[in-house]
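Q: Take this structure and ask of each label what stands behind it.

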Amino acid sequence: MKPPKDNNPMQKTRSRPVFLLYALCGAFTALPMVFSPLWILSWIAPAGAFVISFFAPAQNKHPLRRAWGRGLSFFYCYGLVVFYWFVELYPLDFAGLDKWGSLAVILVAWFGLPLLQGVFAALQFPLLHLLSRKCTRHQVPGSPVLLSLAAASLWVFFEWMQTLTWAGVPWGKLALTQTGWLPLIQSASLLGSYLISFFIIFCSSLLAFAIYYLKKSGFRRTAAFAGAALCVFGGNLLYGVLRCHLYQPEGEAVTVAAIQGNIASSEKWEGKTNSTLDIHEKLTLDAAADGADLILWPETALPYVYSAGGRLDEYLTDLAQEAGVPILAGFFIQDEEQKLYNVIGKVDPDTGMGDTFYKKRRLVPFGEFVPMRDVVMFLIPPLSQLSALDSDITPGTDPELFDTAWGKIGSIICFDSIYETLILDSVREGANLICISTNDSWFKDSAAVYEHNAHAKLRAVETGRYVVRAANTGISSIITPTGEVTESLPPLVEGYILDEVYMISDNTLYTMAGNILILAAGVYVIALFLWPGSGKKSREAVHDDSN
């Protein structure tokens, strides 16, 4: 005789607030990415989800599927907040789309990208469910701390995995929520920005136990876990305060200028050649007269294909000679196989354009190449029309450095800057200064330009290098190794910024150790799964296993 089906409507009703709570926790966790003064929310908001994950696990016939669904609610709403700025891109006139095509693309991007990322990121909640269940069935010593470490380890491991494919788009890393207060991001110099994410989730998990024991065991255990969470937060803050106050950069000083022509992509591709050249020429000569030793241009400041001895070569060489300083300029090159590259080249006033070009290594999906082009053209044709180019750009593979009289420069282009390993590669190759050329004109004055600039802050702290950032329409900035922005130009303003930076040779712990935290996190989670336990059922479980 088959058992009766569970059609209890009350069970379904009770599950709805749980999914809503996860959704709210995800949204509030990401909110400081948009409103940086609310950074404390990221340390607190995940606790609500962890309370349920640890103490009120899914109680139906498919607990793993339910745990994954809850996780999807969390990360989907997290992504909706992170990528809400897509709506501010309307209309996508630079791509030649009509209003309905623009609306379709924006809705697909805003709702689709968080879903694509959330489906994968949510897998950490079923894994956390399994670990929590194991700890309740066996007398695993220190289960609350072990589970809190597991939650933090799973978070950073899945966050890192987003960097591995084009679909990951690691734009919304949790560490980005803390860039509004510099002491909170200094630990990135130790083990990268993932360490900040680790601290946040570890702290929030400990708070979840504090909340639980407040009702179950009284004040003593609550105070213990709340105190532990406070120690995690306080330790990170203390290190940050000390580094911000004690750090003194050492190296040869050089005055660098970043040019911001305030020329949107739609204008550049419309063939306004003379105005583009005139604006960048004027700003370059003004910056040189103002004392610049080196001048950085934005990404594809000149949207033309360079060839040795061609008109662009002659123009840049003549301009560098007139300015009397080296210029790092953005343009395109083609190889013998007619492959197109988005590059930065250095033109010297004495020797002209060298034969070293930095080729952009991480390309923007649907902006510089169309993944699964045939499928996209069949399902969502407007997505394949976003690029202003007729063909896909080819990614580079090497961290080409530029030699100067002061040291070596690691050049990075736009989307590259959200991938920490690319800047890490440049520093390990000997870069003393990081220069980022970017084109954020697609983002106008939305939250995206501020978030993208915040990524540059993290890269500066991680590597202990000054970062000079030139953007077509903003934000252009000069950032110290502690993440302090000493000079900047807001979006949609024409001009240049200029400041003294140092060519630094010292290594941070992160530049030496790399992403060893990710390896440690993965090993820890696997070891916890393989932990044999005591073989006995625990009397006091983390949650009631009889459910």
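Q: Which residues in H6 are buried?
A: This is a predicted model, in which local features need pLDDT of at least 70, side-chain atom pairs count only at pLDDT 80 or more, and totals for chains, interfaces and linings use all residues. Residues are numbered from 1 along each chain as its sequence is written, and side-chain values use heavy atoms, with hydrogens and water left out. In H6 the buried residues are Gln 124, Phe 125, Pro 126, Leu 128, His 129, Leu 131, Ser 132, Lys 134, Cys 135 and Thr 136. Buried means under 20% relative accessible area, exposed over 50%, partly exposed in between (1.4 Å probe, protein chains only).

Q: What makes H6 largely enclosed by the rest of the structure?
A: Ten of its 14 residues are buried, so H6 earns that description.

Q: How do you know that the span of H6 agrees with its number of residues?
A: The expected span of a helix is 1.5 Å times one less than its number of residues. For the 14 residues of H6 (residues 124-137) that comes to 20 Å, and the end C-alpha atoms are 20 Å apart, which agrees. Helices (H or I, at least four residues) and strands (E, at least two) are DSSP runs, numbered from the N terminus.

Q: How many helices and strands does the protein have?
A: Its secondary structure comes to 18 helices and 13 strands. Of its 547 residues, 56% are buried.

Q: What is the reach of H13, and which residues in H13 are buried?
A: H13 (residues 311-323) has 13 residues and reaches 18 Å from first C-alpha to last, close to the 18 Å expected. Its buried residues are Leu 312, Asp 313, Tyr 315, Leu 316, Thr 317, Leu 319, Ala 320 and Ala 323. Gly 324 follows H13, with a positive phi near 80 degrees.

Q: Why is Ala 27 called partly exposed?
A: Its relative accessibility is 21%, so Ala 27 counts as partly exposed. Ala 27 lies in helix H1 (residues 9-30). Leaving aside neighbours within four places in sequence, Ala 27 is in contact (heavy atoms within 4.5 Å) with Cys 77, Tyr 78 and Val 81. The C-alpha atoms of Ala 27 and Phe 74 are 7.3 Å apart, with their positions 47 residues apart along the chain.

Q: Why is Met 503 called buried?
A: Its relative accessible area is 5%, so Met 503 is buried. Met 503 is in strand S13 (residues 495-504). Beyond four places in sequence, Met 503 touches residues including Glu 250, Trp 406, Ile 409 and Leu 433. Glu 252 is 251 residues away in sequence, yet 5.3 Å away C-alpha to C-alpha.

Q: At what angle do H7 and H9 pack?
A: H7 (residues 143-161) and H9 (residues 193-216) pack at about 145 degrees, with axes 8 Å apart. Axes are lines fitted to C-alpha atoms, for helices over the stretch in contact, and angles run from 0 to 180 degrees between N-to-C directions. Among the residues that meet are Leu 149 and Trp 155 in H7, and Phe 198 and Phe 209 in H9. By class, this contact has 16 nonpolar, four polar and one charged residues.

Q: How many residues reach a pLDDT of 70 or more, as a percentage?
A: The share is 86%, and the mean pLDDT (the predictor's confidence in each residue, from 0 to 100) is 87. Over residues 6-13 the pLDDT is below 50, and this stretch has zero contacts beyond near neighbours in sequence. Residues 538-547 also stay under 50, but the model has 27 contacts for them beyond four places in sequence.

How values were computed:
Nonpolar A, V, L, I, M, F, W, Y, C, P; charged D, E, K, R; others polar.
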